[in-house]
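Thanks for asking me to look this one over. My comments are below as numbered points, to be read alongside the coordinates.

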Amino acid sequence: MKMPGLTSDPGETSLVPFSSEVGPVVYPLRHGLKPPIAARFSISWSRGNSLRVSGFQSEADDGEVVRGKVVEVKLGSGDSEIDHAQWRRIAYGSVSPFALLQSHKNSMAAVSKMSAVSSPYDAEWSDYVMEYSRDIGFLLGGHKLSLSVGIEDTKTVLKKVEEPTCLKAAWELMVIFYADHKSQAWTPEQLVDWLAVRTSFKKIMIAYCQELSQQFIQNLSTFKRNLPVCRFDFAIEDDDKYWEAISSALAVGWLDVAVKMLRLHGSYQLNQVGSREIENGLVEAVAVLISKMPHMRLELAPGKLGECFGTKPDFIKAWEKWRGQISKLDCSAFWFQCDHRQTREGLKNLLQIMLGNANILSSATCHWMELHVSYLLHIRPFTMGLESMNNLAQKCMQLKPVSFPHKLMTLLLGILGENTEVSDVVLAECSRSFGPCTMIPFPSAVQLTGGSPQSQEQQFRSGHFLDEQPVLHGHPFAFLMLIRYPFGRMVVHAAELLAAGNTQMEILLHEERHNLGGISMEELHRLVYAQVLSSHALTWQIAPIYLASCTKQGMALLKILLYKQPVHHNQILLKNIEICRLYELHKVSSKMMKIAGVHHWKHGKKGSGVFWLQQARDEIRLSRIAQQLFDFVGKSISDESFKQWEGLIELLGSESRIAGGLEFLHKYVHDGIATNSAQKAAESLILLMKNPSTPQRFWLPLLYDSLKLLNWQEHPLLNVSQTNLLLNKLQELSIVARLRPDFTEADLPSQALSSVRLALATNLGRAILEE
Amino acid sequence: MEKTVTTLDKGTTCSSWNYSGQRMATGSTDGTLAIFDSVDTASSSFTCSSRSRLSGVGSVVKTRTWLDKVQVHEASIVKVVWVPPEYGDAVACIYADGTLSLWEEVVEDSRPLQWKLCKDFNKSSNQVLDVQFGVSLTGLKLVDIGNIIPFLSLTAFLDRTQVWSTKLSPYEAWLYKVAAYSDGHLKVYELLDPLELKNWQLQAEFQNVIDSVSKFGKAACLSASVSWSPERGESQQLSFVLGFNSNIMQLNSAKVWEFDQDHQRWLPVAELALPEEKGDPVYAVAWAPNIGRPYEVIATATHKGIAIWHLGLNPDLDGRLSVEKVASLSGHEGGVWEMEWDMSGMTLATTGGDGVVRLWQSNLNGVWHEQAVFEPTT
């Protein structure tokens, strides 16, 4: 692949280094055409960022009929772990939290402009952000897995092994570090909880359980009901794996699991009590110590073990006391009286974990994240601040190097390293997880070592996408790019947390960039998100909310989005008009009504056509329609033709300022006179006056215009009954005129009514004489 | 990842989607114009709802059962372009013999809905190469805000080559048609009646050269490409970009033309070619939507690849707009055929002789690069 030539040099101002080994991601396009592949492809962007590709088979083919195809490719839909329906649910659900946060932001900005004091709002603001993070978090994950799944309900252990989505995990991580300011003092504890929900440790547990006999599993489920009489056919404590599992659980802070597993120990069984008291006492002593482990946090979730201390001094005191008890037990003479080797060693091991023995911790954990958490729990419980946590993380990574960094790990490292630990290699890889086109410009992309796109994608999803440690280089900007990796389309929301929690990030996100056409990263995220939303008929309606929050380019994109809606569908048109009213896009709504009007007019729905053209105030088209109507009426006048135009005359006339309303009727009559077919004109006049669809407002102008006909010199053009009809109409008019003095047509002279009356009277007299 | 939207008739040569992506028009070698519709707006499955073909005399619109009997106009359709929606559901078809015709879907005189030929542009010695429709805000004769005059611009060319492309510019006010012809001339037509697509008036005719004084021999053009500047603000001038693939160097380079209201004429305001590349034949041009950038973005394609240009918004004293080439991208072997910008003007999709679809984007440093490739497989 040839590298695109660059005429502009990113130079010194470059935000992120541009890798020179750039290559695009290659995707297959299954077109069904026979090789040699078709001569031609044609492309067209459809809704949002879906691309339609037409493939035309070349003519040179043999007799077999192979027809071309049109396929649609949706770009930027890379969240493979979330299906479409769920994605739409998230998209809809996240609108109102987002809108609420924006409105809080705006109102607080307005308040802080008025008063120089901004501090009272900080607390309030962080409440809003937390509310927002809770709402979104709820949408992403649904249920949070309980930690107490361990033993009580074995069946659910096995059922609930499906991990919560990465998206949810990433979101929670962001909340811990950026949104939850109030719990900052307990960040390590939060991290322990976070890991507990999704650690691979759970898999070890399950694997262990699965290795045990089916009977064991069954016993486990009866265990809960008949704890005292539960029997095993074998001694669980003889199994090294049993102790390993407890160590692992304790190391990462699954205290309740560790304690429950300890109580499966054979010495608890009734038939053993007489012979194994000491052993049982030691097991129980360790279990009690575990369950009393101090935590520096305000409260624990129900069912969790440990004791909470809200302040550091209290915690230090309690922790030292607890450690003292452990050391005391460790030196106890009872150990010599315990003859069960595995129990003795296993318990001693657990004590070493609690005493913070680094070697034991290292062997009890498998991933550096677990080691990291175990250090936070058992070695450095007072670790505070990102820097020290980062140093610890680096150390753990050296101890337990991973060849395949998972995206969540990368995200965590980025956060801990104050957003500088992100390599552009990782970034480049991230860009691949978003499908063919991320829509958000990416700093660079790096060619993978090989393999098909599918296998690359596979590797990537499993987190195994690099063969070597990424070369780290630091820039918060890279982090900003990185968060797109775990968050995908939700990055617009993740950016909200970032901006709320970190000043540097806020500046980065809000800074206007020339290379982006003058918009900020935040706006870019929102524009791109809106474009993704517009790709689907069921989500486009929520795109305007995000576009409205884009101060620079949102409205222009919204206009384009609205123009692309099929407005000849009435419901869509009404929805569009509503959106236009909301954002004061009057020109757009009038253009859409015009499109709808023309469509209906040309498709035989004349009434709706005229209605929408009137709504659009399209005077040129309306006057053209009036002209057409007149030409039509002029050609032949019959009840039939009037029926066909029923409603139209009224519609045209209802807007008196629209040119052409009355004109065609006037013109008709005048033309009649001009062509000297006076008799025909008079007949038409009667037809018009008789027709129920001729509006009453037209009567007087018509009659007044027809004075010439009524006063025809040679002979009366109207017979007696015709004249009577007109006189009746005139009478109706004069009644209306009495009721509503403002009724008189402004265009007509004040004596119009009486002139017509006089003319009709004269005509009647003459007609009677003639008959 | 991809989903089949519809299957095309055998012999289909070109396709075009309407403004909302809800209808597709295709043309085929036997001159049949087919229209594809979906059942509802949320569906992405389309079926053919109408097939029409130009006959020798006037228009003949037939249903599928009839079709086989009408074999008068044999010319293949090479390009289909939708008319802006405020003029109804209508398409312009360019035929291989260089004729151009407008088809419209209408209900007339209590007859059922049908596609009807509403205008057949007279076949002259010149062939139409490309057509695009543009709508301007300020009418040429009626300065009446809120009304539309279509512009139809035609580009035509002689030779045994065919008509290539026709596009309509979406301007609010008057519909214009720009057509490029095979003799290197550009014709701008104006629609006289917004409800009747048959009444067009020639508004201007000129050659795609900056210096109107220069003379050159008879031009032979293989193809031409026109792209109207997408609708932006209310005050914006009507403009388009046009490039030729011909034997006359001066004609070829892509030039931006703007309508000068005061003098009622079209003026070249920019040339999108470096001095040493001015004679290079241009295969395709595409003007990007601008949702708020302080400059316009236009893509042009020559045998050297795709070039991305920034066009300034404010003219200098001579009335010229500043031009900067920000990227030259290579990728399509065998030339570029089509270029299309997405709705935000951030991603450019292209197809070419190599039979693949490529997507191009600018990164955060303003560097353009190839983002993705779609390679057909069976």
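1. Let me start with a small puzzle: in which loop of chain B is Gln264(B) found? Gln264(B) sits in the loop that runs between strand 18 (254-260) and strand 19 (265-272) of chain B. Please keep in mind throughout that this is a predicted model.

2. The backbone at Gln264(B) deserves a look. Its phi is positive, about 50°, although Gln264(B) is not a glycine. The residue is partly exposed, with a relative accessible area of 40%; that value lies between the 20% under which a residue counts as buried and the 50% over which a residue counts as exposed.

3. Chain A offers a similar case to check. Arg617(A) is not a glycine, yet has a positive phi of about 55°. Arg617(A) lies in a loop too, between helix 29 (606-615) and helix 30 (619-635) of chain A. Its relative accessible area is 47%, so Arg617(A) is classed as partly exposed.

4. Now for chain B as a whole. There are 27 strands and 2 helices in this chain. Of its 378 residues, 66% are buried. Among contacts in chain B with a separation of 6 or more, 57% join residues 24 or more positions apart. The chain exposes about 13,200 Å², and carbon and sulfur atoms supply 50% of that area.

5. One annotation can be set beside the model. An unreviewed UniProt entry places the feature "repeat: WD" at residues 329-361 of chain B. In the model, that stretch is 55% strand and 0% helix. The C-alpha atoms at its two ends are 11 Å apart.

6. Is Leu186(B) buried or exposed? Leu186(B) is buried, at a relative accessible area of 0%, and belongs to strand 14 (residues 183-193) of chain B. If you want a distance to check in your viewer, the C-alpha atoms of Leu186(B) and Val297(B) are separated by 23 Å, with these positions 111 residues apart along the chain.

7. Back in chain A, how do helix 12 and helix 13 pack? Helix 12 (residues 312-330) and helix 13 (residues 341-355) of chain A meet at an angle of about 150°, and their axes are 10 Å apart. An angle over 145 degrees counts as roughly antiparallel, which is why the pair is described that way. The crossing of helix 12 and helix 13 of chain A is left-handed. On the helix 12 side, the residues making the contact include Trp322(A), Arg323(A) and Ile326(A); helix 13 of chain A contributes Lys348(A), Leu351(A) and Gln352(A), among others.

8. Helix 22 of chain A (residues 491-501) is mostly covered, with 10 of its 11 residues buried. Several alanines are among the buried residues, including Ala494(A), Ala495(A) and Ala499(A). His493(A) and Glu496(A) are also on the buried list.

9. Last comes Ala258(A), placed in helix 10 (residues 255-262) of chain A. Ala258(A) counts as buried, at 0% relative accessibility. Which residues does Ala258(A) contact, leaving aside its neighbours within four places in sequence? The contacts are Ile246(A), Ala249(A), Leu250(A) and Ile290(A). As for Gln696(A), 438 residues from Ala258(A) in sequence, the C-alpha to C-alpha distance between the two is 91 Å.

Notes: Residues numbered from 1 in each chain as written. Chains lettered and ligands numbered in written order. Predicted model: local features only at pLDDT ≥ 70, side-chain atom pairs only at ≥ 80, totals over all residues. Heavy atoms only, no water. Helix = DSSP H or I, 4+ residues; strand = E, 2+ residues; numbered from the N terminus. Buried < 20%, exposed > 50% of the residue type's maximum accessible area, 1.4 Å probe, protein only. Contact = heavy atoms within 4.5 Å. Areas by Shrake-Rupley, 256 points an atom, 1.4 Å probe, with all protein chains shown as cover. UniProt positions renumbered as here; feature names shortened; annotations may be inferred. Axes fitted to C-alpha atoms, helices over the stretch in contact; angles between N-to-C directions. Parallel < 35°, antiparallel > 145°, perpendicular 65-115°, else oblique. Left-handed = near helix turned anticlockwise from the far one by under 90°.
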